Amino acid sequence: PNAVFTPTGIIVVNNALLSLSSAHQTAIILHECGHKVLKHKPTPIVYQIELLLGCGNSLKMEFDADEYAVKNGGDMLSLLQHWYSTYPELRTKAVRKRIEKLEGYYAKFKPAL
């Protein structure tokens with residue numbers, strides 16, 4: 001279940017997204033809105049490689065979009081934990097790092113959210 005922010009500024013979602021809870025759907029859409037608002041312009045091949053390796057500017061863009069979603073009411077931590085535990089193909093270094101980053105973020109800022 002996923003969505004993608006395209007270089008043309010359109011957010012495209014796949015049908016599998018509809019199988020998620022409304023809270024997780026909201027988190028995904030807010031995350032993608034974060035990419036748009038933050039004016040992220042990834043290079044597709046580099047983006048995928050960096051995410052596979054769990055490093056680079058691509059991972060920073062994911063961190064920033066995650067934070068945007070959280071600040072706007074999206075439960076990214078729950079979503080990423082669900083993905084990590086449910087989908088073997090998403091048990092990647094990048095997803096693990098995003099979870100760890102959000103755990104730290106929630107620990108620091110959750111009372112204010």
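## Helix-packing exercises

L59 is buried, with 5% relative accessible area (buried is under 20%, exposed over 50% and partly exposed in between, using a 1.4 Å probe and protein chains only). We'll come back to L59 below.

Ground rules: this is a predicted model, so local features need pLDDT of at least 70 and side-chain atom pairs count only at pLDDT 80 or more, while totals for chains, interfaces and linings use all residues. Residues are numbered from 1 along each chain as its sequence is written, and side-chain values use heavy atoms, with hydrogens and water left out.

**Exercise 1.** Work out which pattern of helices and strands the chain follows along the sequence.

*Solution.*
- Step one, count: the chain has two strands and five helices (DSSP runs numbered from the N terminus: H or I, at least four residues, for helices; E, at least two, for strands).
- Step two, order: reading along the sequence gives β-β-α-α-α-α-α.
- Step three, compactness: the radius of gyration is 13 Å, close to the 13 Å from the globule rule for 113 residues, so the chain is as compact as a globular protein of that length. The radius is taken over C-alpha atoms, and the rule is 2.2 Å times the number of residues to the power 0.38.
- Step four, burial: 38% of the 113 residues are buried.

**Exercise 2.** Find where L59 sits and which residues it is in contact with, leaving aside neighbours within four places in sequence.

*Solution.*
- First, place it: L59 belongs to helix α3.
- Next, list the partners beyond those neighbours: L51, G54, A94, K97 and R98 (contact means heavy atoms within 4.5 Å).
- Finally, a distance: the C-alpha atoms of L59 and S78, 19 residues apart along the chain, are separated by 19 Å.

**Exercise 3.** Describe how α3 packs on α5.

*Solution.*
- What do we need? Two packed helices are described by the angle between their axes and the distance between the axes.
- The axes of α3 (residues 56-71) and α5 (residues 93-109) come within 10 Å and cross at roughly 40°. That makes α3 oblique to α5: under 35 degrees counts as roughly parallel, over 145 as roughly antiparallel, 65 to 115 as roughly perpendicular and the rest as oblique. Axes are lines fitted to C-alpha atoms, for helices over the stretch in contact, and angles run from 0 to 180 degrees between N-to-C directions.
- The crossing is right-handed, the near helix being turned clockwise from the far one by less than a right angle (anticlockwise would be left-handed).
- On the α3 side the contact includes L59, E62 and F63; on the α5 side, A94, K97 and R98 are among the residues met.
- By class, the contact of α3 with α5 splits into seven nonpolar, no polar and seven charged residues. Ala, Val, Leu, Ile, Met, Phe, Trp, Tyr, Cys and Pro count as nonpolar, Asp, Glu, Lys and Arg as charged, and the others, Gly among them, as polar.

**Exercise 4.** Do the job again for α1 and α3.

*Solution.*
- The axes of α1 (residues 22-37) and α3 come within 7 Å and cross at roughly 120°. That makes α1 oblique to α3.
- This crossing is right-handed.
- Among the residues making the contact are L30, H31 and C33 of α1, with M61, E62 and A65 of α3.
- The class tally for α1 with α3 is eight nonpolar, three polar and two charged residues.

**Exercise 5.** Say what stands out about the phi of K39.

*Solution.*
- Most residues other than glycine have a negative phi.
- K39 isn't a glycine, yet its phi is positive, about 60°.
- K39 lies in the loop between α1 and α2 (44-53) and counts as exposed at 64% relative accessibility.
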